[in-house]
Amino acid sequence: MSSYFEGIDKIKFEGENSENPLAFRYYDKNRVVLGKTMEEHLRFAVCYWHTFCWNGFDPFGYDGTFQRPWHKISNPMEAAMAKADVAFDFFSKLGAPFYCFHDRDVAPEGATPRESVENFKRMVDVLAKKQEETGIKLLWGTANMFSHRRFMSGASTNPDPEIFAMAALQVKEAMDATKKLGGANYVMWGGREGYETLINTNMKSELEQMGRFLTMAVEYKHKIGLSGPILIEPKPREPSKHQYDFDTATVYGFLKKYGLEKDVKVNIEANHATLSGHTFEHEIETAFAHDIFGSIDMNRGDYQCGWDTDQFPNNIPDTALAMYYILQGGGFTTGGVNFDAKVRRQSTDPVDLFHGHIGGMDVSARALLIAEAMIKDGRHAKAVADRYAGWKQEFGQQVLGGKLSLDQVAQRVLDRNTDVLPQSGRQEYLENLLNRFC
Ligand code: XUL
Ligand code: CO
């Protein structure tokens, strides 16, 4: 048990009228919503990297602003231990049932590949023990193949196959660790799987390398019996200028090409969706439409900044719409709501970590209740179903069922010989309807 959060008790649900900033007003983990508890629906996870690894650094400061005690410990394994103590203390006090990590978040890179593997294995044992003591579970594990300078030109997409091999070692070890810790999913985010300029890039080769890498990871998943899916996390850019896993639709095309669409799903991040020019709900619905919805990284961007600001979500209608489409699609199975979000670098106190997460959890819980009300009301779903009703009728079904050719459909128009008039899409009515629930 660490003393970093001394004075902060376990966060409780106190209800809508509570004025206590360290209490939940909406997240009542035992409340039943559409047949499942809030805890079962939302499957909240805290991310290790933003909350415990980032030190508040930005390129204009001399140093990080947070000065957390474990950042000052010079022995890297001792620092990793202290960080793990604080992390599990935080998860427990917050009441988040899950956490997520990169290999390098929990254990330091060693002087050689073997030492790195050793460090990681030692820390995985520590995490296993802490999971057992606290009951906290792993939502997903992943490997950091973007921070070390060796990955500056990519991991699996690197021009050098020996760096591909270094990435393979990390993924193998991180998959082993995820299995050992009972992780529900395994995530791959390709921050450096892309390029800066085509002038020095063989794109065809890089895409083939990436396809091969993912195929090997899927084979290994089956080999070790890692039960959950591999999740690709799309993002259009940053740090790569052109990131190959641009958005969900792009990822789906890639999975189809390599025949991996049954084994691999997506982890959709709100701020990545908006950076790719889409809404969060567009990405969620695209994933459901292709049957590859896995999990979400919950956060928000900044309307004025064009980069990944990873802020905690605070917009109720936006979050409600995302939650509504998740529920309409059937909800989470192995996935959950991971806060890939960080407090601002001026939010330097331990308590700020609680404010960020409590706010994000309450907004998500409120969004879940709004989604429940919309589903029970049924008017939105009916309006959309009515709009497409023709496709359920005889002619629509014949077209979709492949019973008619293009010239037969054309002949139908000539036989009927009447114009077809457009029907209102009722956008404003539906927007007003949504706002009635928020
Ligand atoms: C980066 C990002 C990553 C992934 C995991 O934008 O979202 O933290 O979630 O590698
Ligand atoms: Co993310």
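## Close-up views of a predicted model

**Asp 291 sits out in the open.** Asp 291 is exposed, with a relative accessible area of 59%. Keep in mind that this whole structure is a predicted model. You'll find Asp 291 in the loop between α10 (280–289) and β13 (293–298). Its backbone is worth a look too: phi of Asp 291 is near 65°, a positive value in a residue that isn't glycine. Why does that deserve a close-up? Because most residues other than glycine have a negative phi.

**Arg 43 also has a positive phi, at about 45°.** Like Asp 291, Arg 43 isn't a glycine. Is Arg 43 buried or exposed? With 17% relative accessibility, Arg 43 counts as buried, because the cut-off for that word is under 20%. The residue belongs to the loop between α1 (38–42) and β5 (44–47).

**A ring of residues surrounds ligand 1.** Which residues are around ligand 1? Going along the chain, they are Trp 49, His 102, Trp 140, Phe 146, Trp 189, Glu 233, Lys 235, Glu 269, His 272, Asp 297, Asp 308 and Asp 340. Sort this shell by class and you get 4 nonpolar, 2 polar and 6 charged residues.

**Polar side-chain atoms approach the oxygens of ligand 1.** How far is a polar side-chain atom of Glu 233 from an oxygen atom of ligand 1? That gap is 2.7 Å. For Asp 308, an N or O atom of the side chain is 3.1 Å from an oxygen of the ligand. Trp 49 joins in as well, with a polar side-chain atom 3.2 Å from an oxygen atom of ligand 1. So how much of the ligand does the protein bury? On its own, ligand 1 would expose 290 Å², and the protein buries 93% of that.

**Four protein residues hold donors for the cobalt ion (ligand 2).** Glu 233 and Glu 269 each bring an OE atom, while Asp 297 and Asp 340 each bring an OD atom. These donors lie 2.0 to 2.1 Å from the cobalt ion. If you walk along the sequence, the donor residues follow the spacing E-x35-E-x27-D-x42-D. Glu 233, Glu 269, Asp 297 and Asp 340 should look familiar, as they are among the residues around ligand 1 too.

**The cobalt site is octahedral.** How many donor atoms does the cobalt ion have? There are 6, with angles of 80 to 172° among them. For comparison, the ideal angles for six octahedral donors are 90 or 180 degrees.

**Two of the cobalt donors come from separate parts of the chain.** Glu 233 is in the loop between β10 (230–232) and β11 (242–243), and Asp 340 is in the loop between β14 (337–339) and α12 (350–377), so the pair ties together parts that are 107 residues apart in sequence. Both residues are tucked away: Glu 233 is buried at a relative accessible area of 4%, and Asp 340 is buried at 7%.

**Glu 238 and Pro 239 share a cis peptide bond.** Omega here is about 10°. The view is a handy one because most peptide bonds are trans. Where is Pro 239? It's in the loop between β10 and β11.

**Gln 311 makes a polar contact with Thr 309.** The side chains of Gln 311 and Thr 309 are joined by this contact at 2.9 Å. Gln 311 lies in the loop between β13 and α11 (316–328). It is buried, with a relative accessible area of 12%.

**Glu 206 and Lys 130 are charged residues in helices.** Glu 206 is part of helix α7 (residues 203–224), and Lys 130 is part of helix α5. Are they buried or exposed? Glu 206 is buried, with a relative accessible area of 7%, and Lys 130 counts as buried at 13%. From C-alpha to C-alpha, Glu 206 is 8.2 Å from Gly 194, which is 12 residues away in sequence. Lys 130 and Asp 89 are 41 residues apart in sequence, with 9.7 Å between their C-alpha atoms.

**Glu 109 is partly exposed.** Its relative accessibility is 30%. Glu 109 is found in the loop between α4 (103–106) and α5 (113–134). Between the C-alpha atoms of Glu 109 and Asp 245 there are 26 Å, and the two residues are 136 residues apart along the chain.

Definitions and conventions: Residues are numbered from 1 along each chain as its sequence is written. Chains are lettered from A and ligands numbered from 1 in the order in which they are written. This is a predicted model: local features need pLDDT of at least 70, side-chain atom pairs count only at pLDDT 80 or more; totals for chains, interfaces and linings use all residues. Side-chain values use heavy atoms; hydrogens and water are left out. A residue is near a molecule or strand if one of its heavy atoms lies within 4 Å of it. A polar contact is a pair of N or O atoms within 3.5 Å; within protein, one must be able to donate a hydrogen and the other to accept it, and residues adjacent in sequence count only if both atoms are side-chain atoms. Accessible areas come from the Shrake-Rupley method with a 1.4 Å probe; for residues, only the protein chains shown count as cover. Donors are N, O and S atoms within 2.8 Å of the metal (3.2 Å for Na, K and Ca); water is not among the atoms, so sites may look incomplete. Four donors count as tetrahedral if all angles lie between 85 and 135 degrees; four count as square planar and six as octahedral if opposite donors are over 155 degrees apart and all others between 65 and 115; anything else is irregular. Helices (H or I, at least four residues) and strands (E, at least two) are DSSP runs, numbered from the N terminus. Buried means under 20% relative accessible area, exposed over 50%, partly exposed in between (1.4 Å probe, protein chains only).
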